[in-house]
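Visitor: Please take one part of this model and go through it closely. I would like to know how it sits among its surroundings, and then what lies around it.

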Amino acid sequence: MLKEFPSALVEQVADGEDMVKKVMESPWDLVISDLSMPGRSGLEAVRQIKELNPKLPILILSIHPEEHYAIRVLKAGASGYLSKDMAPEELVNAVHRVLLGRKYITPSIAEKLADQMSEEGGQLPHEQLSDREFEVLKFLAAGKSLTEIATVLSISATTVGTYRARLMAKMNLKTNADLTRYAMTNNLL
């Protein structure tokens with residue numbers, strides 16, 4: 001990647017808060033970020049950066065499956081989403097594309113977007129959740145307690161409980177076992 005961009009200055013950050021701080025301190029041509037960071041999620045950081053600097057391209061490079069997150073990050077303002085298992089050449093292509101002010105999406109995400117536009121109300125229950133509710137769903141399905149989730153997300157356990165109640169109601173689920181079964185059936189884990 002650096003061979004392709006020899007004059008690039010690359011900085012690493014500790015968490016989403018640090019990323020937002022660095023973007024505010026100096027001008028950037030591009031932000032490449034993961035979704036999974038301590039404290040503030042990458043998704044929240046994308047939203048805040050776009051509020052501060054709407055024209056700054058943000059490319060998400062993540063281990064999370066694109067079918068679960070790509071559309072969410074695009075809606076949050078990211079310029080593209082790339083899975084870490086993609087070839088390094090694809091990362092270079094994605095960087096070139098977003099630096100030109102365009103979006104980078106894979107053909108499978110383009111198809112999913114087209115399907116969503118043609119299907120009104122045809123979303124799966126988890127696709128109707130807010131980003132935070134979706135995060136809580138994944139943690140609960142993985143067996144995390146409310147306290148553990150609260151620590152990871154830097155929110156109170158009471159707030160996590162509120163998100164749990166909302167997502168359970170939206171998805172018409174009764175127990176955490178129902179939630180875990182749903183997550184496994186829909187490959188969310």
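Guide: Start with α6, in what is a predicted model. This helix covers residues 131-141. It is mostly covered, with ten of its eleven residues buried. The buried set begins with Asp131, Arg132, Glu133, Phe134 and Glu135. It goes on with Val136, Leu137, Lys138, Leu140 and Ala141. Note the charged names in that list: Asp131, Arg132, Glu133, Glu135 and Lys138 are buried along with Phe134, Val136 and Leu137.

What does the covering of the buried residues of α6 include? Five helices belong to it: α2 (42-52), α3 (66-76), α7 (146-153), α8 (157-171) and α9 (176-185). Past the end of α6 comes glycine 143. Its phi is positive, near 90 degrees.

Now look at the loop that leads in. Glutamate 127 sits there, between α5 (107-118) and α6. Its relative accessible area is 21%. Buried means under 20%, so glutamate 127 counts as partly exposed. Set aside the neighbours within four places in sequence, and glutamate 127 is in contact with Arg72 and Lys112. Histidine 68 is 59 residues away from glutamate 127 in sequence. In space, their C-alpha atoms are 8.3 Å apart.

Next, two of the covering helices lead to the strands. α2 lies on the path of the chain from β1 to β2. α3 forms a unit with β2 and β3. Take β2 as the centre of this part. It runs over residues 58-62, and five of its five residues are buried, so the rest of the structure largely encloses this strand. Ile58, Ile60 and Ser62 point one way. Leu59 and Leu61 point the other way, and these too are buried.

On one pairing, β2 is joined to β1 (residues 31-33). The two run in the parallel sense, over three bridges. Isoleucine 32 stands opposite leucine 59 of β2. The crossover from β1 through α2 to β2 is a right-handed β-α-β crossover.

β2 also pairs with β3 (residues 80-83). That pairing is parallel as well, and has four bridges. Isoleucine 60 faces tyrosine 81 in β3. Leucine 61 has leucine 82 of β3 as its bridge partner. β2, α3 and β3 together make a β-α-β unit, and its hand is right. β3 is covered on both faces. Gly80 and Leu82 are buried on one side, Tyr81 and Ser83 on the other.

Last, return to the covering helices α7, α8 and α9, and check the loops that link them. Serine 154 is in the loop between α7 and α8. Its phi is positive, about 60 degrees, although serine 154 is not a glycine. Is serine 154 buried or exposed? Its relative accessibility is 55%. The cut-off for exposed is over 50%, so serine 154 counts as exposed.

The loop between α8 and α9 holds asparagine 172. This residue, again other than glycine, has a positive phi near 60 degrees. With a relative accessible area of 60%, asparagine 172 is exposed.

To recap: α6 has ten of eleven residues buried, and α2, α3, α7, α8 and α9 are among what covers them. The loop before α6 carries the partly exposed glutamate 127.

Definitions and conventions: Residues are numbered from 1 along each chain as its sequence is written. This is a predicted model: local features need pLDDT of at least 70, side-chain atom pairs count only at pLDDT 80 or more; totals for chains, interfaces and linings use all residues. Side-chain values use heavy atoms; hydrogens and water are left out. Buried means under 20% relative accessible area, exposed over 50%, partly exposed in between (1.4 Å probe, protein chains only). Contact means heavy atoms within 4.5 Å. Two strands pair if DSSP finds at least two bridges between them. A crossover is right-handed if, with the strands pointing away from the viewer, the path from the first strand over the helix to the second runs clockwise.
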